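User: I would like to learn how to read helix packing and burial from a set of coordinates, taking one feature at a time. Could you walk me through an example?

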Amino acid sequence: MNVDIFVENVKKYCATASIKPTVACEQSGAGKNMLTNLTKRGVIPSVERVQMLAQYLGCTVSDLLGEKEPPPDPVRQ
């Protein structure tokens with residue numbers, strides 16, 4: 001997992017849905033601190049947690065992992 005790509009894609013999908021990443025992680029059931037644990041502590045989330053977040057954001061795990069192109073950045077449009 002490329003952490004930078006994953007975090008950036010989560011942020012883009014959250015921006016598209018007009019929701020903060022921590023709120024999306026918490027409401028999806030993946031855990032409020034999932035991104036902090038990943039970026040600051042190096043804790044890789046389980047496949048199940050990534051699936052829960054992807055489902056909540058209306059995308060696939062492949063989308064979040066960067067295997068597909070993320071949606072355009074709404075800030076730059």
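Analyst: What follows goes from the overall fold to single helices, then to a helix pair and to individual residues. Please keep in mind that this is a predicted model.

User: Which secondary structure elements are there, and in what pattern along the sequence?

Analyst: A reading starts with the elements and their order. Here the protein has five helices and zero strands, so that the pattern read along the sequence is α-α-α-α-α. Of its 77 residues, 31% count as buried, and among contacts between residues at least 6 apart in sequence, 60% join residues at least 24 apart.

User: How should I read the sides of a helix, and which residues of α4 are buried?

Analyst: The general idea is to list the buried residues and then to ask how they are spread around the axis. In α4, which spans residues 47-57, the buried residues are Val50, Leu53, Ala54 and Leu57. Seen down the axis, these residues fall within an arc of 100 degrees, and they therefore line one face of the helix. The face turned away from that buried side carries the exposed residues Glu48 and Gln55, while the buried residues themselves pack against α1, α2, α3 and α5. After the helix comes Gly58, whose phi is positive, near 75 degrees.

User: What does the same reading give for the buried residues of α3?

Analyst: Helix α3 covers residues 34-41, and its buried residues are Met34, Leu35 and Leu38. They lie on the same side of α3 because the arc they cover around the axis is only 95 degrees. Exposed Lys40 and Arg41 sit on the face turned away from the buried side, whereas the cover over the buried residues includes α1 (3-16), α2 (21-28) and α4 (47-57). Just after α3, Gly42 takes a positive phi of about 75 degrees.

User: For a pair of helices, at what angle do α1 and α4 pack, and how far apart are their axes?

Analyst: For a pair, one takes the angle and the distance between the axes, and then the residues that make the contact. The axes of α1 and α4 are 10 Å apart and meet at an angle of about 30 degrees; because angles under 35 degrees count as roughly parallel, the two helices are described in that way. Their crossing is left-handed. On the α1 side the contact is made by Phe6, Val10, Tyr13 and Cys14, and on the α4 side by Val50, Leu53 and Leu57. Sorted by class, this contact has seven nonpolar, no polar and no charged residues. Note that Val50, Leu53 and Leu57 were also named among the buried residues of α4.

User: Turning to single residues, is Cys59 buried or exposed, and why?

Analyst: Burial of a residue is read from its relative accessibility. Cys59, which lies in the loop between α4 and α5 (61-65), counts as buried because its relative accessibility is 12%, with the cut-off for buried set at under 20%. Leaving aside neighbours within four places in sequence, Cys59 is in contact with Tyr13, Ala54 and Leu64. Of these, Tyr13 is 46 residues from Cys59 in sequence, yet the C-alpha atoms of the two are 8.2 Å apart in space.

User: And Val47, is it buried or exposed?

Analyst: Val47 belongs to helix α4, and it counts as exposed because its relative accessibility is 58%, the cut-off for exposed being over 50%. Val47 and Val61 are 14 residues apart in sequence, with 8.5 Å between their C-alpha atoms.

Methods: Residues are numbered from 1 along each chain as its sequence is written. This is a predicted model: local features need pLDDT of at least 70, side-chain atom pairs count only at pLDDT 80 or more; totals for chains, interfaces and linings use all residues. Side-chain values use heavy atoms; hydrogens and water are left out. Buried means under 20% relative accessible area, exposed over 50%, partly exposed in between (1.4 Å probe, protein chains only). Helices (H or I, at least four residues) and strands (E, at least two) are DSSP runs, numbered from the N terminus. The arc is that of the directions from the helix axis to the C-beta atoms. Contact means heavy atoms within 4.5 Å. Axes are lines fitted to C-alpha atoms, for helices over the stretch in contact, and angles run from 0 to 180 degrees between N-to-C directions. Angles under 35 degrees count as roughly parallel, over 145 as roughly antiparallel, 65 to 115 as roughly perpendicular and the rest as oblique. A crossing is left-handed if the near helix is turned anticlockwise from the far one by less than a right angle, and right-handed if clockwise. Ala, Val, Leu, Ile, Met, Phe, Trp, Tyr, Cys and Pro count as nonpolar, Asp, Glu, Lys and Arg as charged, and the others, Gly among them, as polar.
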